[in-house]
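The following account leads the reader through one protein and its ligands, element by element. Please keep the sequence and the coordinates at hand while reading.

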Amino acid sequence: MTRLSVNINKVATLRNARGGNNPDVIQVARDCERFGAEGITVHPRPDERHIRFRDVTELKEIVTTEFNIEGNPNERFMQLVLDTQPAQATLVPDADDAITSNAGWDTIKHKDFLIDVVKELKSHGIRTSIFVDPIVEMVEGAAIIGADRVELYTEPYAEQYGENPEAAIAPYVKAAKAAKAAGLGLNAGHDLDLQNLKYFHQHIEGLDEVSIGHALICDALYYGLENTIQMYLRQLQ
Ligand SMILES: CC(=O)[C@@H](O)[C@H](O)COP(=O)(O)O
Ligand SMILES: NCC(=O)COP(=O)(O)O
């Protein structure tokens, strides 16, 4: 079974545009779960342009499915995660000024740093996933580091899917096999949508979770949040 974790960053972006509390991020998280989401993902960034650190603390109190916090494990992020104790932390090598995540970790170059981070998170009982490009060596590096899972960065897949789905999925099939061979759980995310999700799911064995935000929240403008979540869940059947 592949769990759908809804990334609610974009709900916070909309709220922040006017400075009030509309839409209410906490209520949206509750509703996502009520409508079938099997997890809630947030990705706080240093400038708090969407999810704020305070939101993360409040969300922890109400999320009843799996709470996944993504981000670059700097001191502030680590403190937030350790205080919050989510089900999962996903480590992403974002630059502070990145518009959105645009690459996975080099798990060979940053091995020592990541070993320390993963050890600390796991000692607090937090499942730890490392965001990687679909490259076998990077997946194997995550296993050596001691991660529980990898999250495959799917933007390159999403970009190529329209013109050549076979070529787009090929590196992910290899990376997924490497993850399973190394005993890692398998997540995926970034730019997955109603067009490309089903094919990805059909071709990647043992996919534990997808986290989807941008496209899902955009689709909700047209179809409504409840319908949209159900539509995404159907792609994963
Ligand atoms: C890790 C990842 O793939 C990102 O998609 C992220 O979690 C979304 O971040 P933004 O909402 O800031 O684009
Ligand atoms: N980890 C990926 C994520 O949470 C959502 O990415 P996107 O769907 O907003 O591109």
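**Helix H10 and its surroundings**

In helix H10, which spans residues 214–223, the buried residues are Ala215, Leu216, Ile217 and Ala220. The model is a predicted one. The cover over these buried residues of H10 includes strand E1 (3–7), helix H1 (9–16), strand E8 (209–212) and helix H11 (225–235). Directly after H10, Gly224 adopts a positive phi of about 85°.

Strand E8, part of that cover, deserves a description of its own. Its residues Glu209 and Ser211 point one way, Val210 and Ile212 point the other way, and all are buried. E8 runs parallel to E1, to which it is joined by four bridges; within this pairing, Leu4 has Val210 as its bridge partner in E8. E8 also runs parallel to E7, with three bridges between the two, and here Asn187 stands opposite Glu209.

E8 and H10 also lead to a ligand, since each supplies at least two residues of the shell around ligand 2. That shell holds 13 residues, of which Asn7, Gly189, Ser211, Gly213 and His214 are the closest. By class, the residues around ligand 2 are three nonpolar, seven polar and three charged. Ser211 thus appears both among the closest residues to ligand 2 and among the buried residues of E8.

A second shell can be described in the same terms. Ligand 1 is surrounded by 13 residues, and Asn9, His43, Thr100, Ser101 and His190 come nearest. The shell around ligand 1 comprises two nonpolar, nine polar and two charged residues.

From the ligands, the description turns to the nonpolar interior. In soluble globular proteins, nonpolar side chains tend to be buried together. The largest nonpolar core here has 65 residues, among which Ile8, Ile40, Ile130, Val132 and Val150 touch the most other members. Helix H8 (residues 165–181) contributes the largest share of this core, with seven residues. What does Val150 contact, once its neighbours within four places in sequence are left aside? The contacts of Val150 are Ser129, Ile130, Val132, Val139, Ala142, Ala179, Leu184, Leu186 and Asn187. Two of the residues named here, Ile130 and Val132, are themselves listed with Val150 as core members that touch the most others. Asn187, another contact of Val150, is the residue that stands opposite Glu209 in E8.

Val63 offers a view of another part of the chain. The residue is located in the loop between H3 and strand E3 (66–71). Is Val63 buried or exposed? Val63 is buried, because 21 other C-beta atoms lie within 10 Å of its own, and 20 or more are required for that class. With neighbours within four places in sequence set aside, the contacts of Val63 are Ala29 and Ile40. Ala29 is 34 residues away from Val63 along the chain, yet their C-alpha atoms are separated by 7.1 Å. Ile40, the other contact of Val63, is one of the core residues that touch the most other members.

Several features of the backbone call for separate attention. Most residues other than glycine have a negative phi, and most peptide bonds are trans. Against this background, the peptide bond from Asn22 to Pro23 is cis, with omega near 0°; Pro23 is placed in the loop between H1 and helix H2 (25–34). Glu48, although not a glycine, has a positive phi of about 50°. The loop that contains Glu48 connects strand E2 (39–42) and helix H3 (53–62), and Glu48 counts as partly exposed because it has 13 C-beta neighbours inside 10 Å. Asp191, likewise not a glycine, takes a positive phi of about 65°. Asp191 lies in the loop between strand E7 (185–189) and helix H9 (197–203), and with 19 C-beta neighbours inside 10 Å it counts as partly exposed.

The overall dimensions complete the account. The protein contains 11 helices and eight strands. Its radius of gyration is 17 Å, close to the 18 Å given by the globule rule for 237 residues, so the protein is as compact as a globular protein of that length. Taken along the principal axes, the box filled by the C-alpha atoms is roughly 45 × 40 × 30 Å. Of the 237 residues, 46% count as buried. Among contacts between residues at least 6 apart in sequence, 66% join residues at least 24 apart.

Definitions and conventions
Residues are numbered from 1 along each chain as its sequence is written. Chains are lettered from A and ligands numbered from 1 in the order in which they are written. This is a predicted model: local features need pLDDT of at least 70, side-chain atom pairs count only at pLDDT 80 or more; totals for chains, interfaces and linings use all residues. A residue is buried if 20 or more other C-beta atoms lie within 10 Å of its own, exposed if 12 or fewer, and partly exposed in between; C-beta atoms are placed from the backbone. Two residues are in contact if their C-beta atoms, placed from the backbone, lie within 7 Å. A residue is near a molecule or strand if its C-beta atom, placed from the backbone, lies within 6 Å of it. Ala, Val, Leu, Ile, Met, Phe, Trp, Tyr, Cys and Pro count as nonpolar, Asp, Glu, Lys and Arg as charged, and the others, Gly among them, as polar. A nonpolar core is a set of buried Ala, Val, Leu, Ile, Met, Phe, Trp, Tyr and Cys residues joined through C-beta atoms within 7 Å. The radius of gyration is taken over C-alpha atoms; the globule rule is 2.2 Å times the number of residues to the power 0.38. Two strands pair if DSSP finds at least two bridges between them.
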